[in-house]
Amino acid sequence: MEWIRQRLDKMKQPFSKGEKYEKYAPAVNALDTFLFTPNHTTQKGAHIRDAVDLKRTMITVVIALIPALLFGFWNGGYQYLHQLPEYANGVPFIDAFLHGAGKIFPMIAVSYAVGLGIEFAFAIFRGHEVNEGYLVTGLLIPMIMPIDIPLWMVALSVVFAVLIGKEAFGGTGMNILNPALTARAFAFFAYPTYMSGNSVWVSNAYEVDAVTGETILGNLAAGNEAGYTPLDMFSGMIPGSIAETSAICILAGALLLVLSKVGSWRIILSAFIGAAVMGLIFNALPSLGIEGNNLTNFPWYLHLIVGGLAFGIVFMATDPVSAAQTMKGKWIYGFLVGFISVMIRVFNPAYPEGVMLGILLMNVFAPTIDHYVVESNVKRRKKRLKNANPQVETAV
């Protein structure tokens, strides 16, 4: 590391204060920040010592995403290859993995290249250092896209997410909407034919007539049966967005986020409770004499493991910037995310991935939830003080 440190210091000399290229220092310092910052430790006099910072938080989330990403590589290839006649006797793991990786790696590269390029440009323009906020967003955006989405569309979605969803509000830590979901919403509404239908969820489904890619929610919305077993749904061996299909891998990532205290278990738990309650309400319609459909009659517990619900709850609803901050607010925010997501999924089959709209909607209302939670706490404490000391006038 000392050798790298010396080379970086030498490379940074023309960009130092007072030098010719001082204006471009933030872009050059980004590598130094990633490798060596923070480079100090507390020696004495601190009441609290903690190793947590933005970089470690972001890297923890990236590590939590790896199981779902690796499974997405394999499943992305498997969903295509197992439908071909030459693989009728089984699909070798390496063939499926390499096919999926060949589709997904370019999307990740484009996401990081475009997103970091914009981050560097804004850092130079505003004169501040590049931070690690895009480490997670750059990986999340391709992970929640269809496998056959064109690379130029990924690039446009990233530009919209970073410029409108993030930098317009002041950059990392200031955005009110989750940037990754902002990118997906842009792609969904700008290019709906590339983001919905039966031909976008499986590689090369447009090109090969024998290859289909019906998703479970798509089948149910069309009035058909789900087409897959509960075990398929839980394991993730189904068509869908790149990394959203495997509940097992998502739960592994959730466990890491909760144990590391990077993700809020309150939001995760309450969101699943909200989704289950909404599912139970729909399942109860026939007992009330109301005729349902395949979506309303779909078992409530299966709603929790199909589509992007679990992935969205674990990795995007828990975004510490755009989620609620108060303890009670997290319970309310999470519950409404799950409740509204399943409601949209069932009431409007055109938006089967209701979790995207559910989270974005609650991102907007998260500050309001926190405001009323704080106001409620203030009123309760003032009332408690007044009851304890009737003669004392409480002041605001």
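This passage reports salt bridges, polar contacts and surface patches in a predicted model.

A search of the whole structure returned 2 salt bridges. In one of them, the side chains of Lys-103 and Asp-148 meet at 3.0 Å, N to O. The two residues belong to distant parts of the chain, 45 residues apart. Lys-103 sits in helix 4, which spans residues 93-126. Asp-148 sits in the loop between helix 5 (134-143) and helix 6 (151-163). Lys-103 has a relative accessible area of 24%, so this residue is classed as partly exposed.

Another salt bridge joins the side chains of Lys-166 and Glu-119, with an N to O distance of 2.5 Å. Distant parts of the chain are again linked, here across 47 residues. Lys-166 lies in the loop between helix 6 and helix 7 (179-190). Its partner, Glu-119, lies in helix 4. Lys-166 is buried, because its relative accessible area is 4%, under the cut-off of 20%. Glu-119 also falls under that cut-off of 20%, so at 7% relative accessibility Glu-119 counts as buried. Helix 4 thus supplies Lys-103 to one bridge and Glu-119 to the other.

The loop between helix 6 and helix 7 also holds Asn-178. Asn-178 has 4% relative accessibility and is therefore buried. A polar atom of the Asn-178 side chain lies 3.1 Å from the backbone nitrogen of Ala-180.

Ser-241 occupies the loop between helix 10 (230-235) and helix 11 (247-259). This serine is buried, because its relative accessibility is 5%. The Ser-241 side chain makes a polar contact with the side chain of Arg-184, at 3.4 Å.

Gly-197 is placed in the loop between helix 8 (192-195) and helix 9 (216-221). With 42% relative accessibility, Gly-197 is partly exposed. Gly-197 and Gly-213 are 16 residues apart in sequence. In space, their C-alpha atoms are 8.5 Å apart.

Attention now turns to the surface. Lys-328, Arg-380, Arg-381 and Arg-384 form a positive patch there. Helix 16 (residues 354-388) gives the most to this patch, with 3 residues. Lys-328 lies in helix 15, which covers residues 327-347. The relative accessible area of Lys-328 is 43%. This value lies between the limits of 20% and 50%, so the residue is partly exposed. It is also over the 30% required of patch members.

A nonpolar patch is formed on the surface by Ile-59, Ile-63, Ile-66, Leu-70 and Leu-256. Together these residues present about 370 Å² of accessible area. Helix 3 (residues 54-81) provides the largest share, 4 residues. Ile-66 is one of the patch residues and lies in helix 3. Its relative accessible area is 35%, so Ile-66 is partly exposed. That figure, too, is over the 30% needed for a patch.

In summary, both Lys-166 and Glu-119 are buried in their salt bridge, while Lys-103 is partly exposed in its bridge to Asp-148. Two further buried residues are Asn-178 and Ser-241. On the surface, helix 16 is the main contributor to the positive patch, and helix 3 to the nonpolar patch.

Definitions and conventions. Residues numbered from 1 in each chain as written. Predicted model: local features only at pLDDT ≥ 70, side-chain atom pairs only at ≥ 80, totals over all residues. Heavy atoms only, no water. Patch = residues over 30% accessible without salt bridge, like charges linked within 9 Å, V, L, I, M, F, W, Y side chains within 5 Å. Areas by Shrake-Rupley, 256 points an atom, 1.4 Å probe, with all protein chains shown as cover. Salt bridge = Lys/Arg side-chain N within 4 Å of Asp/Glu carboxyl O. Lys, Arg positive; Asp, Glu negative; His and termini not counted. Charge placed at Lys NZ, Arg CZ, Asp CG, Glu CD. Buried < 20%, exposed > 50% of the residue type's maximum accessible area, 1.4 Å probe, protein only. Polar contact = N/O pair within 3.5 Å; in protein donor to acceptor, adjacent residues only side chain to side chain.
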